[in-house]
Each structure stands twice: as structure tokens, then as C-alpha cells.
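Subject: Structure handover

Hello,

Here is the structure I promised to pass on. Please open it next to this email and follow along.

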Amino acid sequence: MEYFYFTKCVFYCVIFSFLYFPGSEFVKFIMGLHPEEPKEWTFSVFINQCEDSRIDKSAGALVGALERFLIAGGLLIGRWEVLAAVIALKSVSRFKQLDDRRTAERFLVGSLASLVWTVGVYLLLLIYDQTLGFGLFPQGLLIGFG
């Protein structure tokens with residue numbers, strides 16, 4: 001009997017972990033569909049770009065993962081305000097950069113891709129919870145699925 005409960009708990013963790021790595025890959029894929037404008041290439045620009053992009057990408061990936069976890073947590077407890085707070089924080093942190101149209105578009109594409117992935121994982125978790133899981137979350141959260 002304990003094995004049965006352990007297996008269900010592992011499945012909850014596996015589904016929730018989809019927010020991190022597969023979520024990052026999904027956002028990268030979507031962002032790749034909207035490439036940046038090519039810049040004039042010089043060796044010094046290349047070196048600076050490599051160093052900057054490594055730092056930016058690792059920080060961006062961490063911010064994206066935290067964003068997805070916060071949004072999923074807010075959705076699971078029925079607090080949509082968390083979604084508004086995350087988007088507001090992201091917008092405030094990049095306020096100066098959003099003056100550039102291309103940067104604003106990339107920001108929006110990345111944020112929406114992350115949101116779409118999070119809602120998909122959220123629905124998967126709720127469907128699992130109501131069909132095979134413990135029924136931890138209220139059935140009303142699955143509007144149209146329950």
C-alpha cells in the first residue's frame with residue numbers, strides 16, 4: 001500500500017518538474033522562431049557577446065523557471081493575482097529595454113511561451129490529480145475537464 005502512495009507522489013513531482021527543463025526548452029524553441037536581428041560581426045563584439053550571453057542566458061533560464069513555478073503555484077491555489085504580479089515584476093525589471101520594439105517583442109514572445117507551457121503543465125497536473133491521483137485539488141479548477 002505504501003508503494004502505491006509513493007508512486008502517486010513521484011508522479012506529482014514528475015509532472016511538476018516539467019515546469020523546469022522541458023519548459024525552458026519549449027521557451028527556447030519558441031524564441032528561436034523569432035530570431036534577433038543580425039549584428040555587425042567583429043572579434044571583440046563576438047567575445048563580449050559570448051560572455052554576456054552566457055550570463056544572461058543562465059540568469060534568464062533561472063528567472064523563467066521561477067516564473068513558471070510561481071505561476072503554477074498561484075494557479076493551483078486559485079490566486080490569479082500571482083500571474084499579474086509576475087508579469088508586472090518582469091516588466092518593471094526590463095522597463096528601459098522595452099523601448100526597443102524588437103526587444104519588447106522578444107520579451108512578449110518569451111513570456112507568453114512560458115505562460116502557455118505553465119498552463120499546459122497545470123492542466124496535466126489537474127487531470128492526473130482528478131483521474132489517477134489523490135484528488136488534492138478542487139474539481140472546480142478543471143472547468144470543462146471534470
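Below is what I found, going from the overall fold to single residues.

**Overall**

Please keep in mind that this is a predicted model. The protein has five helices and zero strands. Along the sequence, the pattern reads α-α-α-α-α. The protein has 146 residues, and 25% of them count as buried.

**Helix H1**

Start with H1, which runs over residues 2–17. H1 has 16 residues. From first C-alpha to last, H1 reaches 22 Å, close to the 22 Å expected at 1.5 Å a residue.

Which residues of H1 are buried? They are Lys-8, Tyr-12 and Ile-15. Look down the axis of H1: the buried residues fall within an arc of 70 degrees, so they line one face of the helix. The general rule behind such a pattern is that an α-helix has 3.6 residues a turn, so residues three or four places apart point the same way.

Now turn to the face of H1 that points away from the buried side. Glu-2, Tyr-3, Phe-6 and Cys-13 are the exposed residues there. Tyr-3 has a relative accessible area of 65%, so Tyr-3 is exposed.

**The nonpolar patch**

Tyr-3 also belongs to a nonpolar patch on the surface. The patch covers about 580 Å². Its other members are Phe-6, Val-10, Val-14, Phe-18 and Leu-124. Which helix gives the most to the patch? Helix H1 does, with four residues.

**The cysteines**

How many disulfides does the structure hold? Zero. Take Cys-9. The closest cysteine sulfur is in Cys-13, and that sulfur is 6.9 Å from the one in Cys-9, too far for a bond. The cut-off for a disulfide is 2.5 Å between the sulfur atoms. Cys-13 is likewise in no disulfide, with the sulfur of Cys-9 as its nearest cysteine sulfur.

Are these two cysteines buried or exposed? Cys-9 has 38% relative accessibility, so Cys-9 counts as partly exposed. Cys-13 has 55%, so Cys-13 counts as exposed.

**Salt bridges**

A search of the whole structure turned up three salt bridges. As background, side chains of opposite charge can pair when their charged atoms come close.

- Lys-28 and Glu-25: the closest N and O atoms are 3.3 Å apart. Both residues lie in helix H2, which covers residues 21–32. They sit three residues apart, about one turn of the helix. Lys-28 counts as exposed, at 54% relative accessibility. Glu-25 counts as partly exposed, at 33%.
- Lys-90 and Glu-67: the side chains meet at 2.9 Å, N to O. Lys-90 is in helix H4 (residues 81–93) and Glu-67 is in helix H3 (residues 43–76), so this pair ties together parts that are 23 residues apart in sequence. Lys-90 and Glu-67 are both buried.
- Glu-81 and Arg-79: the side chains meet at 3.1 Å, N to O. Glu-81 has 47% relative accessibility and counts as partly exposed. Arg-79, at 45%, also counts as partly exposed.

**Gly-60 in H3**

Next, find Gly-60 in helix H3. Gly-60 counts as partly exposed, at 33% relative accessibility. What is the C-alpha separation between Gly-60 and Ser-24? The two C-alpha atoms are separated by 9.7 Å, while the residues are 36 apart along the chain.

**Helix H5**

Last comes H5, over residues 101–131. H5 has 31 residues. From first C-alpha to last, H5 reaches 45 Å, close to the 45 Å expected at 1.5 Å a residue.

Several residues of H5 are buried. Among them are the aromatic residues Phe-107, Tyr-122 and Tyr-128. Val-121, Leu-125 and Leu-126 are buried too. The buried residues of H5 also include Gly-110, Ser-111, Ala-113, Ser-114, Thr-118 and Asp-129.

**Where to look**

If you have time for just two views, begin with H1. One face of H1 is lined by its buried residues, and the face turned away carries exposed residues, including Tyr-3 and Phe-6. Then go to Lys-90 and Glu-67, the buried pair that joins H4 and H3 in a salt bridge.

Best wishes

Notes:
Residues numbered from 1 in each chain as written. Predicted model: local features only at pLDDT ≥ 70, side-chain atom pairs only at ≥ 80, totals over all residues. Heavy atoms only, no water. Buried < 20%, exposed > 50% of the residue type's maximum accessible area, 1.4 Å probe, protein only. Patch = residues over 30% accessible without salt bridge, like charges linked within 9 Å, V, L, I, M, F, W, Y side chains within 5 Å. Areas by Shrake-Rupley, 256 points an atom, 1.4 Å probe, with all protein chains shown as cover. Salt bridge = Lys/Arg side-chain N within 4 Å of Asp/Glu carboxyl O. Expected span 1.5 Å × (residues − 1). Arc of directions from axis to C-beta.
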